[in-house]
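Here is a short report on one protein fold. Look at the model first, then read on.

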Amino acid sequence: MPTLPLEGGCHCGALRYQVTAAPLMVYNCHCRNCQRIGGGAFSTNVTIPRGTLEFVRGEPAKLTWKSDASAERFGWLCGDCHGRIAHGWEEASPPILNVRSGTLDDSSWVSPVVDMWAASAQPWITFSADRFRVEQQPAELTAYQPFFEAFRAQRNFPE
Ligand SMILES: [Zn+2]
Ligand SMILES: [Zn+2]
């Protein structure tokens, strides 16, 4: 199992970060924004409590957009290589941040517990019966509790 803090960075190395708290879950996002931003079929993200990621090298550039559910979102990315590090909600809810799993130095433990935005998944995607699947993305944090519990059961992070 990984130990805290989790460490990671962007493609060019100008940005380095640490995550100081145990993640809440891992999910795949099949929304159209993730498809366009990453240039692939979906993104895989590690959800952490807001405020538990700190940049230890470099300062991220920031961009904002409206999600497929029309929520104000923001992303942190490297100003040099433009690699995406994390994204979250601009407004107060929910108090979580989503880190792109591929930016972790060690992503070998990453295993999604839920597929979000299944409604816009690429047609060739096969969903696993071992994961939750939601057509869009819940707006309320209470809806995430089953996903958090599944992740805790799967990955017993040391505190
Ligand atoms: Zn970079
Ligand atoms: Zn997405």
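## Fold at a glance

This model is predicted. From the N terminus, the elements of the protein run β-β-β-α-β-β-β-β-β-β-β-β-α. That comes to two helices and eleven strands. The radius of gyration is 15 Å, close to the 15 Å that the globule rule gives for 159 residues, so the protein is as compact as a globular protein of that length. Its C-alpha atoms fill a box of roughly 40 × 35 × 30 Å along the principal axes. Of the 159 residues, 30% count as buried. Take the contacts between residues at least 6 apart in sequence: 58% of them join residues at least 24 apart.

## The sheet

Strands of a sheet pair through backbone hydrogen bonds, either parallel or antiparallel. Here, eight strands form an open sheet with mixed pairing. Their order is 6-7-8-9-4-3-10-11. Which strands are the edge strands? They are strand 6 and strand 11, and each pairs on one side only.

Strand 10 and strand 11 run parallel and are joined by two bridges. Across this pair, aspartate 115 stands opposite arginine 133 in strand 11.

Helix 2 packs on the sheet. It touches strand 3, strand 10 and strand 11. The direction of helix 2 makes about 120° with that of strand 3.

The table places the elements named above.

| Element | Residues |
|---|---|
| Strand 3 | 25-29 |
| Strand 6 | 61-66 |
| Strand 10 | 114-116 |
| Strand 11 | 132-133 |
| Helix 2 | 145-154 |

Technical notes: Residues are numbered from 1 along each chain as its sequence is written. Chains are lettered from A and ligands numbered from 1 in the order in which they are written. This is a predicted model: local features need pLDDT of at least 70, side-chain atom pairs count only at pLDDT 80 or more; totals for chains, interfaces and linings use all residues. Helices (H or I, at least four residues) and strands (E, at least two) are DSSP runs, numbered from the N terminus. The radius of gyration is taken over C-alpha atoms; the globule rule is 2.2 Å times the number of residues to the power 0.38. A residue is buried if 20 or more other C-beta atoms lie within 10 Å of its own, exposed if 12 or fewer, and partly exposed in between; C-beta atoms are placed from the backbone. Two residues are in contact if their C-beta atoms, placed from the backbone, lie within 7 Å. Two strands pair if DSSP finds at least two bridges between them. Axes are lines fitted to C-alpha atoms, for helices over the stretch in contact, and angles run from 0 to 180 degrees between N-to-C directions.
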